[in-house]
Amino acid sequence: MSVNFGSKRVVTGAHYGLRDWLAQRVTGGLVALFTFIVLAQVIFSSGPMGYETWAGIFAAQWMKALTFVVFVALAWHVWFGMRDIWMDYVKPAGIRLALHIFTIVWLVACLGWAVQVLWRL
Amino acid sequence: MTELTKKRPEFRNINAFTDLTTYRLPLAGWVSILHRASGGLMFILLPLIVWLFDTSVSSELSFERFSAAFAAGIGFVPGWFFKLVVLAIIWAYLHHLIAGLRHLYMDVAHAVSKEFGKSSAIVTLALSIGLTLVLGAKLFGLY
């Protein structure tokens, strides 16, 4: 590794240690759990899968709250993953910083849209 | 910290076309790089995924637009291509989910042997590709 302190310090790194590692797994686990909850409701629904049944799954208040939490967890999870990809393949700090900013803007925009859809159900 | 100042050899400028193709990855390596590739793909396609969620749950009318995108296409995109893109999302999600659960299991069970790495990689690839084929056949109306 090249010099990584003083004016050469890499400003677009990860938080080394347990926190990010654990948060990546917890958020991933939440999304996996949510996937199985939605799948179970689809599989055990009666009749053909039309609009009513599908939208009804997300209309229940507990499901709305859970979906909201999972959307936030998912966005956070994607941030870890994309940050790791940029860190592995993009070395110039300026370009990496730009990609980090793009990633955050992209994710927050998609999250806002998804939450808006969820909220008006 | 003094270690950091020592000069270590750096290997850069790997040619993606001439060097990467000579790598012979073990199956666990394929699961690993595909975990990354599937995650990156879903990140790029995230607006489409939110659009699918939006149109499918918002109203009866939007649900019709959702269904029509698969049946008749949307804008200049034909239906079969739309289905193909959604199938790519389905594969990416399945692979990422199963490979992620494999990671979680390895973390919890401390299952870090070479043998388990290989056998669980086979299970991951077989499940994700198998389920993608089954769901793809359903999506394209083969059964």
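Colleague: Hi! Helix α3 of chain B, residues 60-71: what span should its twelve residues have at 1.5 Å a residue, and how far apart are its end C-alpha atoms?

Modeller: This is a predicted model, and here the numbers match. At 1.5 Å a residue, the twelve residues of α3 in chain B should span 16 Å, and the end C-alpha atoms are 16 Å apart, so the two agree.

Colleague: Nice. And what does Gly73(B) do just after α3(B)?

Modeller: Gly73(B) takes a positive phi, about 85°.

Colleague: Zooming out, how many helices and strands are there in chain B?

Modeller: Chain B has five helices and zero strands. Along the sequence the pattern reads α-α-α-α-α.

Colleague: What's the radius of gyration of chain B, set against a compact globule of 143 residues?

Modeller: Chain B comes out at 20 Å, whereas a compact globule of 143 residues would be near 15 Å. Along the principal axes, its C-alpha atoms fill a box of roughly 65 × 35 × 30 Å.

Colleague: And what percentage of the chain B residues count as buried?

Modeller: The figure is 16% of the 143 residues.

Colleague: What share of the chain B contacts with a separation of 6 or more comes from residues 24 or more positions apart?

Modeller: That share is 66%.

Colleague: Switching to the contact between the chains: how many residues does it take from chain A and from chain B?

Modeller: Chain A gives 22 residues and chain B gives 22 residues. On the chain A side, the elements giving two or more residues are α1 (18-43), α2 (51-59), α3 (61-89) and α4 (93-119).

Colleague: How do the residues on that chain A side divide into nonpolar, polar and charged?

Modeller: There are 16 nonpolar residues, five polar and one charged on the side of chain A that touches chain B.

Colleague: Now the largest nonpolar core. Which of its 13 residues touch the most other members?

Modeller: Those are Phe71(A), Leu74(A), Ala75(A), Val78(A) and Ala114(A). Two or more residues of this core come from each of α3 and α4 of chain A and α2 (46-57) of chain B. The largest share, seven residues, is from α3(A).

Colleague: Which residues is Ala114(A) in contact with, leaving aside neighbours within four places in sequence?

Modeller: Ala114(A) is in contact with Phe71(A) from its own chain, and with Val50(B) and Phe53(B) across in chain B.

Colleague: And which residues does the second, separate core include?

Modeller: That second core has eight residues, among them Ala92(B), Leu94(B), Leu97(B) and Ile98(B).

Conventions
Residues are numbered from 1 along each chain as its sequence is written. Chains are lettered from A and ligands numbered from 1 in the order in which they are written. This is a predicted model: local features need pLDDT of at least 70, side-chain atom pairs count only at pLDDT 80 or more; totals for chains, interfaces and linings use all residues. Helices (H or I, at least four residues) and strands (E, at least two) are DSSP runs, numbered from the N terminus. The radius of gyration is taken over C-alpha atoms; the globule rule is 2.2 Å times the number of residues to the power 0.38. A residue is buried if 20 or more other C-beta atoms lie within 10 Å of its own, exposed if 12 or fewer, and partly exposed in between; C-beta atoms are placed from the backbone. Two residues are in contact if their C-beta atoms, placed from the backbone, lie within 7 Å. The expected span of a helix is 1.5 Å times one less than its number of residues. Ala, Val, Leu, Ile, Met, Phe, Trp, Tyr, Cys and Pro count as nonpolar, Asp, Glu, Lys and Arg as charged, and the others, Gly among them, as polar. A nonpolar core is a set of buried Ala, Val, Leu, Ile, Met, Phe, Trp, Tyr and Cys residues joined through C-beta atoms within 7 Å.
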